[in-house]
Amino acid sequence: MRLFTIARFGVYAVIVTIGLLHLASRGEGASTPDEVHGPWISGQTSQGYGVGARMERSRVVKIGLGWGARCSNGLPLHDQRAAFSEGIGRFERRGARFGGEFGGSDVWPDGTPYVLRARVVGAGRDGEAHGTAAFTAVYDDRGRRVTCDSGPIRWSARR
């Protein structure tokens with residue numbers, strides 16, 4: 001039953017992430033995405049998942065990355081996705097540095113509540129970016145609180 005709950009959480013997290021990626025990728029009337037947002041750069045996290053970031057005038061404006069976590073019930077939560085950009089959560093840019101936080105809670109169709117918190121910070125310049133991210137997911141498994149924590153995840157990306 002616990003494995004089913006974690007699998008259900010994973011499916012729901014993917015659905016939420018797809019929605020976030022859709023919101024993050026909407027253009028505002030440019031003839032091509034690169035005219036407004038610049039080129040994509042790609043790389044990898046310290047956990048081995050992929051990273052993609054969009055640059056604008058040598059600054060990161062969007063970032064998406066994969067992540068995994070170990071849960072307090074001993075089961076892994078892996079192959080999750082998260083995206084950050086202006087307009088989603090609190091994503092702020094100051095020069096080449098940027099950071100963002102996202103938090104949300106919802107209830108699965110069976111009534112199981114969950115909370116997801118995420119944070120990413122980094123710096124980007126001249127087609128390269130690097131930083132750290134961290135994720136925490138909390139849900140209830142038959143009256144027991146289960147916490148899944150990624151710990152700090154290093155990431156880097158380049159053209």
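Here are some questions and answers on how the features of this predicted model earn their labels.

Q: How do you know what the overall fold of the protein chain consists of?
A: The secondary structure comes to two helices and 10 strands. Read along the sequence, both helices precede the strands, in the pattern α-α-β-β-β-β-β-β-β-β-β-β. Of the 159 residues of the protein chain, 44% count as buried.

Q: What makes R119 and E101 a salt bridge?
A: The closest N and O atoms of R119 and E101 are 3.1 Å apart. The cut-off is 4 Å between a side-chain nitrogen of Lys or Arg and a carboxyl oxygen of Asp or Glu, so this Arg and Glu pair qualifies. R119 sits in strand β7 (residues 113-125) and E101 in strand β6 (residues 97-107), 18 residues apart, and the pair links distant parts of the chain. As background, side chains of opposite charge can pair when their charged atoms come close.

Q: Why are R119 and E101 called partly exposed?
A: The partly exposed class runs between the buried limit of 20% and the exposed limit of 50%. R119 has a relative accessible area of 41%, so R119 belongs in that class. E101, at 31%, therefore belongs there too.

Q: How do you know that R125 and D126 form a salt bridge, and are these residues buried or exposed?
A: Their closest N and O atoms are 3.5 Å apart, which is within the 4 Å limit, so the label applies. R125 has 59% relative accessibility, and because exposed means over 50%, R125 counts as exposed. D126 has 56%, so D126 is exposed as well.

Q: What makes the backbone of D126 worth a look?
A: D126 has a positive phi of about 50° although it is not a glycine. D126 lies in the loop between β7 and β8.

Q: Which residue in the loop between β8 and β9 has a positive phi, and why is that residue called exposed?
A: That residue is R142, which lies in the loop between β8 and β9. The phi of R142 is near 50°, a positive value in a residue other than glycine. R142 has a relative accessible area of 58%, over the 50% cut-off, so R142 is exposed.

Q: Why does the contact between E128 and R158 count as a salt bridge?
A: The closest N and O atoms of E128 and R158 are 3.6 Å apart, and this lies within 4 Å, so the pair passes. E128 is in strand β8 (residues 128-141) and R158 in strand β10 (residues 153-158), so the salt bridge ties together parts that are 30 residues apart in sequence. E128 has 39% relative accessibility, between 20% and 50%, and therefore counts as partly exposed. A search of the whole structure finds five salt bridges, this one among them.

Q: What makes up the largest nonpolar core?
A: This core has 30 residues, and those with the most contacts inside it are I63, W67, F84, F135, C148 and W155. β2, β3, β4, β6, β7, β8, β9 and β10 each supply at least two of its residues. The largest share, six residues, comes from β3. In soluble globular proteins, nonpolar side chains tend to be buried together.

Q: Which residues does I63 touch?
A: Leaving aside residues up to four places away in sequence, I63 touches V51, G52, A53, A82, A83, F84, F91, F98, V120 and W155.

Q: How do you know which residues line the second largest pocket, and what is its volume?
A: The volume is about 160 Å³. A lining residue has an atom within 4 Å of a pocket point, so R90, E92, R93, R94, R97, F98, G99, G100, E101, R119 and V121 make the list. The largest share of the lining, five residues, comes from β6, while β5, β6 and β7 each supply at least two.

Q: Why do seven residues of that lining count as charged?
A: Asp, Glu, Lys and Arg count as charged, so the Arg and Glu residues of the lining fall in that class. The lining divides into two nonpolar, two polar and seven charged residues.

Q: Why is R81 called partly exposed?
A: R81 has 40% relative accessibility, which lies between 20% and 50%, so R81 is partly exposed. R81 lies in strand β4.

How values were computed. Residues numbered from 1 in each chain as written. Predicted model: local features only at pLDDT ≥ 70, side-chain atom pairs only at ≥ 80, totals over all residues. Heavy atoms only, no water. Helix = DSSP H or I, 4+ residues; strand = E, 2+ residues; numbered from the N terminus. Buried < 20%, exposed > 50% of the residue type's maximum accessible area, 1.4 Å probe, protein only. Core = buried A, V, L, I, M, F, W, Y, C linked by side-chain atoms within 4.5 Å. Contact = heavy atoms within 4.5 Å. 1 Å grid on protein atoms, 1.4 Å probe; cavity = no way out; pocket = protein on both sides within 12 Å on 5 of 7 lines; lining within 4 Å. Points joined across faces, edges and corners; volume = space filled by probe spheres on them.
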